[in-house]
Amino acid sequence: MNYKFFMLLAIVILAFIGCNSNSTTENKAKNEAANPPKTRVAISKDPFVEKVEKAHNRYGFLSKTAIQFDILLMFGGKERMNGKMTLLTNSSKGLIELQNGDKMYYVNDKVYYSPDIENEKRVRFNAYTWSYFFLFPFKLSDEGTVWSDYEPKTMNDKSYLVHKLTFKAGTGDAPDDWYVVYADEEKHLIDVAAYIVTANKTQAEAEEDPHAIIYKNYKEVSGVPIATNWEFWGWTTKDGLTEQLGEATLSNLKFVEVEDNLFEAPEGFKEI
């Protein structure tokens, strides 16, 4: 082969490779800009939390954009909430659409709501509490969570994996709240979470009336186990579950893709 021809051929090949490499790099950059990778949240190193998060497929849940479901919430035989929730899986935004047409939005620490909504004083509580109970199994490693061992390991004659959750000062709306989490010894799914609600109360006052939520009837939604029934009970350290107070039914669960403007409250909505 002629030496000059060989050199020319080598230059052409190198130029082609360079252009192709640049094109590939540019295409990759454009693709990543259009489709940014999901935020990866590290699983807690606490052995209890690690088992529970793995059982609930936390990574699978967080890989989705948003989840949507219908909820019917009853307390004392009376309807407390009936509507549809759409929640970002990273818990930063949520929309609650009630059957009567009222709406509540939360965007990080802001809550917006229909101007004529009933029981205005409970709007912030309703916007955050029920969505938090739904998201709870996927928020065990959130910033500000503090986990510790808890005794006893049995409740109402059943043995569990048990840990207590408290929060660092300044975490969320109610850093003085705490949870005692009971997970199934074999499946590691959360069965029960006892808790106190310190909204408008001191911690000491809230600890006089602790409650518990039972997560029941887990069903897989795109590989993620989600409890489709909740029960609310009275609870004490000594007696465990005492009397049932309320219940919730979740239906039509599905992961959805949403536009960010879905969580923009219409003009005229009130803000907390």
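**Notebook: helix H4, three residues and the whole chain**

Entry 1, helix H4. I looked up which residues of H4 are buried and found Val123, Asn126, Ala127, Tyr128, Thr129, Trp130, Ser131, Phe133, Phe134 and Leu135. The model I am reading is a predicted one. Since 10 of the 13 residues of H4 are buried, I record this helix as largely enclosed by the rest of the structure. I then checked the length of H4, which covers residues 123–135. At 1.5 Å a residue, its 13 residues should span 18 Å, and I found the end C-alpha atoms 18 Å apart, so the two agree.

Entry 2, the chain as a whole. I counted five helices and 15 strands in the chain. The chain has 272 residues, and 42% of them count as buried. I noted an exposed area of about 15700 Å², of which carbon and sulfur atoms supply 50%. I also looked at contacts with a separation of 6 or more: residues 24 or more positions apart account for 47% of these.

Entry 3, confidence. I read an average pLDDT of 86 for the chain, with 84% of the residues scoring at least 70. Over residues 1–43 I found that pLDDT stays under 50. For that stretch the model has 17 contacts beyond four places in sequence.

Entry 4, Val49. I located Val49 in helix H2, which runs over residues 47–55. Its relative accessibility is 0%, and because buried means under 20%, I enter Val49 as buried. I next compared its position with that of Ala183: the two are 134 residues apart in sequence, yet their C-alpha atoms are 9.8 Å apart in space.

Entry 5, Asp191. I placed Asp191 in strand S11, residues 190–195. Is Asp191 buried or exposed? I found a relative accessible area of 16%, so Asp191 is buried. Leaving aside neighbours within four places in sequence, I listed its contacts as Lys158, Tyr160, Tyr182, Ala183, Asp184, Ile213, Ile214 and Tyr215. Ala183, one of these contacts of Asp191, is the residue I had set against Val49 in the previous entry.

Entry 6, Thr198. I found Thr198 in the loop between S11 and helix H5, the latter being residues 203–206. With a relative accessible area of 10%, Thr198 is buried. Which residues does Thr198 touch, not counting those up to four places away in sequence? I recorded Ala174, Asp176, Asp177, Gln203 and Ala206. For Asp177 I noted in addition a polar contact of 2.6 Å, joining its side chain to that of Thr198.

Notes
Residues numbered from 1 in each chain as written. Predicted model: local features only at pLDDT ≥ 70, side-chain atom pairs only at ≥ 80, totals over all residues. Heavy atoms only, no water. Helix = DSSP H or I, 4+ residues; strand = E, 2+ residues; numbered from the N terminus. Expected span 1.5 Å × (residues − 1). Buried < 20%, exposed > 50% of the residue type's maximum accessible area, 1.4 Å probe, protein only. Contact = heavy atoms within 4.5 Å. Areas by Shrake-Rupley, 256 points an atom, 1.4 Å probe, with all protein chains shown as cover. pLDDT = per-residue confidence, 0-100. Polar contact = N/O pair within 3.5 Å; in protein donor to acceptor, adjacent residues only side chain to side chain.
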